[in-house]
Amino acid sequence: MSPRSPYSGLPQRAFWRGGVAGAPAFPPDLYRPKFPVTQDTRVFTAGSCFAQHVGAAMKAAGIQVIDAEPARRGLPPETAKRFGYGVYSARFGNLYTVKQFRQLVDELNGAKPALPVWERDGRFWDAQRPGVEPDGLASPDIVAEMRTQHLAAVTEAFAQADMIVFTLGLTEAWEHTESGTVYPTAPGTIAGTFDADVFHFANYGVADILEDFTALEESLSDLNPDLKWLLTVSPVPLAATASGQHVLPATVRSKSVLRTVCDMLCDSSDRIDYFPSYELATSPAHTTSPFAGDLRSVRPEIVAQIMQCFLQAHDLCEEGAEQPEECATNADPSDEAICEDILLDAFAPDAPK
C-alpha cells in the first residue's frame, strides 16, 4: 500500500477548494485568536489610517479602547475628529511605520526628533503629527507646549493598556538624513519645505522593521511589562510611491514585507497575535471588488464584515449570531478614515490644479 499522505484528514480550511473557492468571503474559522479580547480588555490603538476602523468597531462593541487625550466638552464630534481627538488612544495621528511608532516611544524616554516644527505661511505644525492641526498653530512655542502635554497623555495611555492593536501600513517614509528622524508625511505635503540635501527617501525591509519592533517592544516593557500585541496589515494600497517603481508592484512589495514581519513576530512570541484584515479585504472570494471606485478605499460594508469576523472570534457578538454578517456593531462603517497620504493625489500629473 502507498504511504498515507500528510494531507489526508486535514480540515477543509487547509485546502483552497472549500477553504476559499466555494466558501464565504468571510469564513468564520479564518481567524483563531491566540489570546482572548473581552469588553474588559484595555486597548491602545495605533497605526495607519485603516486602524481607525479597527478602533471604532472595538469601541462600538463595548471594548475599553483607551482615550487618554479626549476632546474638550462641547466640541462637535466631526470637529474633534478633524483635529485628531478620539481617533486613536492619544492624539498622535497616523503611525504609518514601525519606526515612527518606535520614535514616539523613544521620545517618551528623552529622545528629541530633528526639526520638530514645520512652518507654512506664518503658521506652525508639529512635524510628528501635522495632520492633527489642519490649520497650524500661532507659534513654535505653542507647538512645543502642546507636544509636552501630548507625550504625557501617551505615557498614561501605555500605562493603562492591556493590549496594543497596531495596524502596519507602509514601508516607505521620509527621514532627516543627519539624524535618522522619520516623519509621517513628506515635508512640503502639509507643511515644511522639502530639501533633498536635508531629507531622504527610505523603504524599509524585513530586517529593518524587525529591528525597530524589537526595540519598540523592549522600550514599552519598561512602561508596561505585561502588554500584549494584536497586529494587522492595512489593505489600503499606496497613494503614491517615491521608490521609482510603478505604484502597483511598490504596493505589493510593501504589503508583502509587512505581512512577513507579522508572521515572524507572531511565531516568536505568545504575546503577539495577528488578525487577517488584509486577507479578508483582498480575498479572491469576493464576488465584487472590495474596493471603492478609487481602487484604494475598502468599501464600508467590507470593513464592517472584517470587524465582525474579529468580534465573532472573540465571542463579542450578540447572542444568536452565527455568521460574521449577523454580528452587528454600533460603529458607522461609512465613517471615513483620516489619511494624510491621500494628499499625495494632489501631486499626480493629471490632478486638477
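The exercises below, each with a worked solution, concern helix packing, burial and backbone geometry in a predicted model.

**Exercise 1.** Determine how helix α4 is oriented relative to helix α6, and describe the contact between them.

Solution. Begin with the geometry: α4 (residues 98-108) and α6 (residues 206-223) pack at an angle of about 30°, their axes lying 9 Å apart. Angles under 35 degrees count as roughly parallel, and α4 is therefore roughly parallel to α6. The handedness comes next, and the crossing of these two helices is left-handed. On the α4 side, the residues that meet α6 include V98, F101, V105 and L108, together with K99, R102 and D106; on the α6 side, their partners include I209, F213, L216 and L220, as well as E211 and D212. Sorted by class, the contact of α4 with α6 comprises ten nonpolar, one polar and five charged residues.

**Exercise 2.** Carry out the analysis for α6 and helix α7.

Solution. Helix α7 spans residues 247-268, and α6 packs against α7 at an angle of about 45° with the axes 9 Å apart. This angle makes α6 oblique to α7, and the crossing is right-handed. From α6, the residues V206, I209, L210 and F213 meet V257, L258, T260, V261, M264 and L265 of α7. The class division of this contact is nine nonpolar, one polar and no charged residues. I209 and F213 of α6 appear here in the contact with α7, and they also appear in the contact with α4.

**Exercise 3.** Establish whether helix α9 is mostly covered or mostly open, and state what covers its buried residues.

Solution. First consider the dimensions of α9 (residues 300-313), which has 14 residues and reaches 20 Å from its first C-alpha to its last, close to the expected 20 Å. Next consider burial, for which the cut-off is under 20% relative accessible area: ten of the 14 residues are buried, and α9 is mostly covered. Among the buried residues are I302, V303, I306, F310 and L311, and also Q305, Q308 and Q312. Finally, what covers these buried residues includes α2 (51-60), β9 (228-233) and α8 (277-282).

**Exercise 4.** Locate L115 and D315, and give the phi and accessibility of each.

Solution. Most residues other than glycine have a negative phi. L115, in the loop between α4 and β3 (117-120), has a positive phi of about 45°, and with a relative accessible area of 39% L115 is partly exposed. D315 lies in the segment after α9 and has a positive phi near 55°; at 69% relative accessibility, D315 counts as exposed.

Key:
Residues are numbered from 1 along each chain as its sequence is written. This is a predicted model: local features need pLDDT of at least 70, side-chain atom pairs count only at pLDDT 80 or more; totals for chains, interfaces and linings use all residues. Side-chain values use heavy atoms; hydrogens and water are left out. Helices (H or I, at least four residues) and strands (E, at least two) are DSSP runs, numbered from the N terminus. The expected span of a helix is 1.5 Å times one less than its number of residues. Buried means under 20% relative accessible area, exposed over 50%, partly exposed in between (1.4 Å probe, protein chains only). Contact means heavy atoms within 4.5 Å. Axes are lines fitted to C-alpha atoms, for helices over the stretch in contact, and angles run from 0 to 180 degrees between N-to-C directions. Angles under 35 degrees count as roughly parallel, over 145 as roughly antiparallel, 65 to 115 as roughly perpendicular and the rest as oblique. A crossing is left-handed if the near helix is turned anticlockwise from the far one by less than a right angle, and right-handed if clockwise. Ala, Val, Leu, Ile, Met, Phe, Trp, Tyr, Cys and Pro count as nonpolar, Asp, Glu, Lys and Arg as charged, and the others, Gly among them, as polar.
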